[in-house]
Amino acid sequence: MSAADPETQRADQRAAWEKAADGWGKQADQMRRLGMPVSMWMIEHVGLQPGQRVLELAAGPGDTGFLAAEVIQPSGTLISSDGAEAMVNVARERAQALGLNNVEFQQLELEWIDLPTASVDVILCRWGLMLTVDREAAVQEMRRVLKPGGHLALAVWDEPEHNLWATAPNKALIELGAAEPPDPDAPGMFVLAKPGVMAELLESAGFTDVLVESVEIERTYQDLDEYLAELFDLSQMFKRGVDGLSVDRRAEVRRRIAETLAPFTNDDGSLRLPGRSLAAVASA
């Protein structure tokens, strides 16, 4: 099979997320803070009620779903799921630490959700759909497992120019020949960012009352070193690119990132990096 074969892509992605889980667990509190505006938008737009059955897909550390779990208590249930078993374990440990007792944990793929048809009231998926190999199959599966009248809330990243915090590292690697430019049509952060794409995708799967809005976020760091440390924990792609470089070329990557982020760097060296997500809600 070629590198572009869908099954190869899925296997590579799964292996990468299994490997990345430790770093995401380490940075879980930071990710919760930065993602809270998006998670709150999603929670506020799905009309949660006590007793509902909620599914979170591509949950990672589980933050958005955990917010829902608190709202649907005492008789409601959250199914916290991820395609990587190690990520499911991260979420399980965090739920225990938070004292949540109405959460089930499953390893589920977005493209074939191993749940009965019309079995959940609400689906949440923050920053997962754009990484899926077959996005059309994923939203069709979401539509299938939702009860009639159920709600879906999704978030993906807006266009690259609104998310310099994410593009600056890869830009430095690409300029130095340490990474290839991304395929704009392949699974990736910005593949669903263009205006109208999200709405069209959901409507084509049979969803109605589709609403897509932009949600601003901000990533703050004490200094560039803290930003880079987080990056090494969260981005396997960046880590692989830097690991293969000499000390001098690593220093050049750091210099170029600092130069790109200079407009958002304060006099004391702290960083305030703006970002923008797209959030969508739709009815089954």
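These exercises walk through a predicted model, each with a worked solution.

Local features need pLDDT of at least 70, side-chain atom pairs count only at pLDDT 80 or more, and totals for chains, interfaces and linings use all residues. Residues are numbered from 1 along each chain as its sequence is written, and side-chain values use heavy atoms, with hydrogens and water left out.

**Exercise 1. The sheet**

Work out the strand order of the open sheet and find which strands stand at its edges.

Solution. Start with the elements: helices (H or I, at least four residues) and strands (E, at least two) are DSSP runs, numbered from the N terminus. Two strands pair if DSSP finds at least two bridges between them.

Step 1. Seven strands form the open sheet, in the order E3-E2-E1-E4-E5-E7-E6, and the pairing is mixed.

Step 2. E3 and strand E6 (208–221) are the edge strands; each has a single partner strand, so one side of each is left without a neighbour in the sheet.

Step 3. From one strand to the next, the twist averages 20 degrees. Angles here run from 0 to 180 degrees between N-to-C directions, and axes are lines fitted to C-alpha atoms, for helices over the stretch in contact.

Step 4. Now take an antiparallel pair: strand E5 (residues 146–157) and strand E7 (residues 271–283) are joined over seven bridges. In E7, Val281 stands opposite Ala153.

Step 5. Finally, add a helix: H8 packs on the sheet, touching E6 and E7, and its direction makes about 130 degrees with that of E6.

**Exercise 2. Strand E2 and its partners**

Trace how E2 is joined to E1 and to E3, and decide whether the residues of E2 are buried or exposed.

Solution. Buried means under 20% relative accessible area, exposed over 50%, and partly exposed in between (1.4 Å probe, protein chains only).

Step 1. On one side, strand E1 (residues 53–56) runs parallel to E2, with four bridges between them. Arg53 has Thr77 of E2 as its bridge partner.

Step 2. E2 also pairs in the parallel sense with strand E3 (residues 103–107), over five bridges. Here Ser81 has Gln106 as its bridge partner, while Asp82 stands opposite Gln107.

Step 3. Follow the connections next. E1, helix H3 (residues 63–71) and E2 make a right-handed β-α-β unit. The chain then crosses from E2 through H4 to E3, in another β-α-β crossover that is right-handed. A crossover has this hand if, with the strands pointing away from the viewer, the path from the first strand over the helix to the second runs clockwise.

Step 4. Six of the six residues of E2 (residues 77–82) are buried, so the strand is largely enclosed by the rest of the structure. Thr77, Ile79 and Ser81 point one way, and Leu78, Ser80 and Asp82 the other way.

**Exercise 3. Two helix pairs**

Describe how H1 packs with H4 and how H8 packs with H9.

Solution. Two packed helices are described by the angle between their axes and the distance between the axes. Angles under 35 degrees count as roughly parallel, over 145 as roughly antiparallel, 65 to 115 as roughly perpendicular and the rest as oblique.

Step 1. The axes of helix H1 (residues 6–26) and helix H4 (residues 85–98) come within 7 Å and cross at roughly 25 degrees. H1 is therefore roughly parallel to H4.

Step 2. Contact means heavy atoms within 4.5 Å. Residues making this one include Trp17 and Trp24 of H1 and Met87 and Val90 of H4.

Step 3. For helix H8 (residues 224–234) and helix H9 (residues 236–243), the axes come within 6 Å and cross at roughly 105 degrees. H8 is therefore roughly perpendicular to H9.

Step 4. Among the residues in that contact are Leu231 and Phe232 of H8 and Phe238 and Val242 of H9.

**Exercise 4. Two residues**

Place Met130 and Thr64 in the structure, and list what each one touches.

Solution. Take the residues in turn.

Step 1. Met130 sits in the loop between strand E4 (120–126) and helix H5 (135–145). With a relative accessible area of 2%, Met130 is buried.

Step 2. Beyond its neighbours within four places in sequence, Met130 has contacts that include Arg135, Trp157, Pro187 and Met189. Met189 is 59 residues away in sequence, yet the C-alpha atoms of Met130 and Met189 are 6.0 Å apart.

Step 3. Thr64 lies in helix H3 and is buried, at 0% relative accessibility. Leaving aside neighbours within four places in sequence, Thr64 is in contact with Ser39, Met42, Ile43, Glu56, Leu124 and Arg126.
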